[in-house]
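Welcome, and thanks for taking a look at this one. Below is a short briefing to read with the sequence and the structure open beside you.

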Amino acid sequence: LIRPPRGPRRKQGVFATRSPHRPSRLGLSALRIEKVDYSSATIHVLGCDILDGSPVLDVKPYVPYCDAFPGARAGWLQGTDGTEPDHLAYWPPPDHLLPPDD
């Protein structure tokens with residue numbers, strides 16, 4: 001169990017959260033592609049709910065008939081509006097979130 005950075009301040013199962021403390025650092029996020037810079041091989045995105053510095057390993061198209069869940073609920077986050085600040089209850093952060101050594 002971990003205490004997630006968003007929502008009620010109580011412990012949740014690690015797979016029910018977007019915690020960086022996972023058996024694998026892989027996550028899944030739906031986001032918007034804002035711009036593709038072919039010269040630098042860079043994709044600029046908006047709405048990404050992964051932590052800063054997390055690599056993006058794959059990009060798939062949004063397919064409404066199989067990716068949309070209009071009746072979905074937020075489970076234990078139901079009722080939060082997403083505007084509260086994150087609360088990180090651990091230090092130091094995981095290695096993959098530290099700035100690179102120069």
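Is Gln12 buried or exposed? Gln12 has a relative accessible area of 11%, which is under the 20% cut-off, so Gln12 counts as buried. Please keep in mind that this is a predicted model. With that said, here is a tour of the chain, topic by topic.

**Overall picture**
- The chain has 1 helix and 2 strands, and from the N terminus on these elements follow the order β-β-α.
- Of the 102 residues in the chain, 14% are buried.
- The accessible surface is about 8600 Å², and carbon and sulfur atoms account for 56% of that area.
- If you take the contacts between residues at least 6 apart in sequence, 44% of them join residues at least 24 apart.

**How confident the prediction is**
- The chain has a mean pLDDT of 76, with 75% of its residues at 70 or more.
- Among the elements, β1 has the highest mean pLDDT, at 90, while α1 has the lowest, at 81.

**The segment before β1**
- Gln12 belongs to the segment before β1, and Arg10 is placed in that segment too.
- Setting aside neighbours within four places in sequence, Gln12 is in contact with Leu1, Ile2, Pro4, Thr17 and Trp76.
- Arg10, again without counting residues up to four places away, touches Ile2, Arg3, Pro4 and Trp76.
- You can therefore find Trp76 among the contacts of both residues, by the cut-off of heavy atoms within 4.5 Å.
- Arg10 has a relative accessible area of 43%, so this residue is partly exposed.

**The hairpin**
- Strands β1 and β2 run antiparallel and are joined by 5 bridges.
- One of the paired positions is Arg32, whose bridge partner in β2 is Leu46.
- The hairpin has 4 residues between its strands, and Ala41 sits in this loop, with β1 (32–37) on one side and β2 (42–46) on the other.
- Most residues other than glycine have a negative phi.
- Ala41 is worth a look here, with a positive phi near 55 degrees in a residue other than glycine.
- How does Ala41 stand, buried or exposed? Its relative accessibility is 70%, so Ala41 counts as exposed.

**A nonpolar patch on the surface**
- Leu31, Ile33, Val36, Tyr38, Ile43, Val45, Val56 and Val59 make a nonpolar surface patch of about 730 Å².
- Which elements give two or more residues to the patch? They are β1 and β2.
- Val56, one of the patch residues, lies in the loop between β2 and α1 (64–67).
- Val56 counts as exposed because its relative accessibility is 55%, above the cut-off of 50%.

**The salt bridge**
- The count of salt bridges in the model comes to 1.
- Asp58 and Lys60 form a salt bridge, and their closest N and O atoms are 2.6 Å apart.
- This pair qualifies because the cut-off is 4 Å between a side-chain nitrogen of Lys or Arg and a carboxyl oxygen of Asp or Glu.
- Lys60 has a relative accessibility of 65%, so this partner counts as exposed.

Methods
Residues numbered from 1 in each chain as written. Predicted model: local features only at pLDDT ≥ 70, side-chain atom pairs only at ≥ 80, totals over all residues. Heavy atoms only, no water. Buried < 20%, exposed > 50% of the residue type's maximum accessible area, 1.4 Å probe, protein only. Areas by Shrake-Rupley, 256 points an atom, 1.4 Å probe, with all protein chains shown as cover. Patch = residues over 30% accessible without salt bridge, like charges linked within 9 Å, V, L, I, M, F, W, Y side chains within 5 Å. Pairing = 2+ DSSP bridges. pLDDT = per-residue confidence, 0-100.
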